[in-house]
Amino acid sequence: MPAFERAPAVPRRGGSRGPRVRPRGTGFPARRALLAALALITALTGCTAPADDVVLRTVDPAFVHGTDHGDTDRIAATAVTEVQRYWAAEFPAVFDAPWRDLDGGFFSVDPNGTAPPPPCSAGVEDVEGNAYYCATVDAIAWDRAALLPVLREHYGDAAVLLVLAHELGHAVQQRTGMDVGGGAYPIRVEAMADCYAGAFFGWVAAGGSEHLRLDARAVDGALRALLVFRDPVGTTTHGTAFARISAFQDGLDRGAAHCAELTVPEVAEPGPDDPVQPLDDPGRTARLDAFFAEVVAQRGGAWPDPRVRAGTAPGCPRPRPVAACAEPPTVLLDRAALAEVDHDIGDRATGTALASRYALTALRALGRPTTGPAAGTAVLCLTGAATASDPALSPADLDEAVEAALIVDGVSADAAGRSALTGSERVTALRDGVLGGAPACLPPR
């Protein structure tokens with residue numbers, strides 16, 4: 001029963017995320033764990049869902065078993081209708097075979113109700129906080145009370161599209177003969193479903209849907225939702241945030257044909273998280289100095305060895321929570337804001353923020369642009385390269401770096417303190433650096 005797996009519990013204090021609690025059942029978390037995780041991301045971003053109008057026209061949900069005909073089911077019904085319409089055209093083009101709509105249908109469930117359980121569930125309580133594809137009867141079920149409304153509240157309607165497009169991605173796999181139970185490669189199965197969801201998003205964003213539309217802000221909401229549903233530390237079931245967001249981005253940028261051949265990059269070996277690094281650990285700055293000094297020297301520049309201190313400086317942007325000054329070369333810190341990032345995301349997130357200002361200093365040293373979208377892209381790419389260069393990097397660390405890049409504006413800020421990149425552009429730039437190193441960030445001029 002592949003599912004768009006659960007969110008973690010709230011991370012422990014003091015840095016990198018500790019073990020997450022998996023509530024009973026498969027798929028999404030029970031209501032309390034889901035709300036706690038969503039509240040964490042909301043606190044970090046400072047807002048709830050964007051005021052989006054993703055759904056232009058809804059369809060009648062009468063074909064959905066158990067529907068209450070409310071707004072949530074109308075959006076869900078519209079989503080699955082449009083995803084199937086997408087695959088009716090795309091499936092033959094990619095797989096040279098006709099698409100077949102789901103035989104077993106769709107099931108809307110209120111876990112507090114008395115209706116019979118949907119397929120692949122022993123009881124309605126199994127669906128709480130969950131959405132899943134049931135391969136045995138070719139059906140999809142969702143929780144309309146504890147899952148979809150909460151996702152809409154925090155991330156907008158795009159999050160509902162994401163969940164249901166992912167589950168229909170498993171139906172695509174079933175139709176191509178893939179073991180949707182996961183087999184020996186469960187992460188690839190889930191990443192491919194994320195990729196198929198991204199391909200659907202790309203189709204909608206390009207104007208392919210008559211009922212839906214997506215702009216950059218709505219896509220960012222979907223990416224933030226993916227952050228919540230990554231694997232807990234030490235497990236390999238549905239994939240890290242880096243793997244899931246990477247797969248979604250691949251589908252968004254490259255389409256469904258690429259998803260069918262998807263491989264999942266292993267940037268960090270699975271294992272426990274690394275020891276927590278205090279904010280004032282001198283090892284952090286020493287490692288960043290060494291990395292960026294080499295990057296700059298290889299390109300004929302001189303590394304200025306910036307001073308790191310707390311506070312503000314004339315002519316410099318205010319730290320959010322970090323900033324970089326040109327003269328004298330300085331990295332400024334807002335210690336209170338960094339402590340909040342450390343508490344809410346983890347110690348690697350604060351290291352990511354610090355690395356981003358070293359990256360901006362490197363651009364200055366090389367005479368590269370330091371303002372505008374191109375500068376923000378280079379900053380995040382170099383930040384990803386610096387992150388991947390750490391031999392102690394763990395999958396949990398990489399997830400914290402992705403989360404910081406996506407939701408902490410100062411990480412993508414240029415020399416003027418402006419963040420001009422969408423969340424999707426930020427993640428792509430960071431990933432390019434992680435996978436390609438500094439050469440991917442600083443092509444020859």
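Start by selecting Cys 134 and Ala 139: Ala 139, in strand 3, is the bridge partner of Cys 134. Keep in mind that you're looking at a predicted model.

**The sheet**

Now widen the selection to strand 2 and strand 3. They run antiparallel, and four bridges join them. Next, add strand 1 (residues 105-109), which pairs with strand 3 (residues 139-143) in the parallel sense over five bridges. With three strands on screen you have an open sheet, ordered 1-3-2, with mixed pairing. Strand 1 and strand 2 (131-134) are the edge strands, each pairing on one side only. On average, neighbouring strands here are turned by 15 degrees against each other, ignoring direction.

While the sheet is up, show helix 4 (residues 157-175) as well. This helix lies across strand 2 and strand 3, and runs at about 15 degrees to strand 2.

**Zoom in on strand 1**

Turn on side chains for strand 1. In a regular strand, side chains alternate between the two faces of the sheet. Here, Gly 105, Phe 107 and Val 109 point one way, while Phe 106 and Ser 108 point the other. Are these residues buried or exposed? All of them are buried.

Stay on Phe 106, whose bridge partner in strand 3 is Ile 140.

**Follow the rings**

Time to colour the aromatics: there are 16 aromatic pairs to find. Begin with Phe 106 and Trp 142, with ring centres 6.4 Å apart and planes at 40 degrees; that falls between the 30 and 60 degree cut-offs, so the pair counts as tilted. Because Phe 106 sits in strand 1 and Trp 142 in strand 3, the pair ties together parts that are 36 residues apart in sequence. Phe 106 counts as buried at 4% relative accessibility, and Trp 142 is buried too, at 0%.

Then jump to Phe 201 and Phe 248. Their ring centres are 5.2 Å apart and the planes meet at 75 degrees, so this pair is edge-to-face. It links distant parts of the chain, with Phe 201 in helix 5 (residues 186-205) and Phe 248 in helix 7 (residues 241-254), 47 residues apart. Phe 201 and Phe 248 are both buried.

Grow the selection from there: ring pairs link these two phenylalanines into a cluster whose members include Tyr 86, Trp 87, Trp 99 and Tyr 196. At Trp 99, add Arg 175, which lies over the face of the ring at 4.8 Å from its centre.

**Last stop: helix 13**

Finish by selecting residues 395-407, which make up helix 13. At 1.5 Å a residue, its 13 residues should span 18 Å, and the end C-alpha atoms are 19 Å apart, which agrees. The helix is mostly covered, with 13 of its 13 residues buried.

Conventions: Residues numbered from 1 in each chain as written. Predicted model: local features only at pLDDT ≥ 70, side-chain atom pairs only at ≥ 80, totals over all residues. Heavy atoms only, no water. Buried < 20%, exposed > 50% of the residue type's maximum accessible area, 1.4 Å probe, protein only. Helix = DSSP H or I, 4+ residues; strand = E, 2+ residues; numbered from the N terminus. Pairing = 2+ DSSP bridges. Expected span 1.5 Å × (residues − 1). Axes fitted to C-alpha atoms, helices over the stretch in contact; angles between N-to-C directions. Contact = heavy atoms within 4.5 Å. Phe/Tyr/Trp six-rings, centres within 6.5 Å; stacked < 30°, edge-to-face > 60°. Lys NZ or Arg CZ within 6 Å of the ring centre and 35° of its normal.
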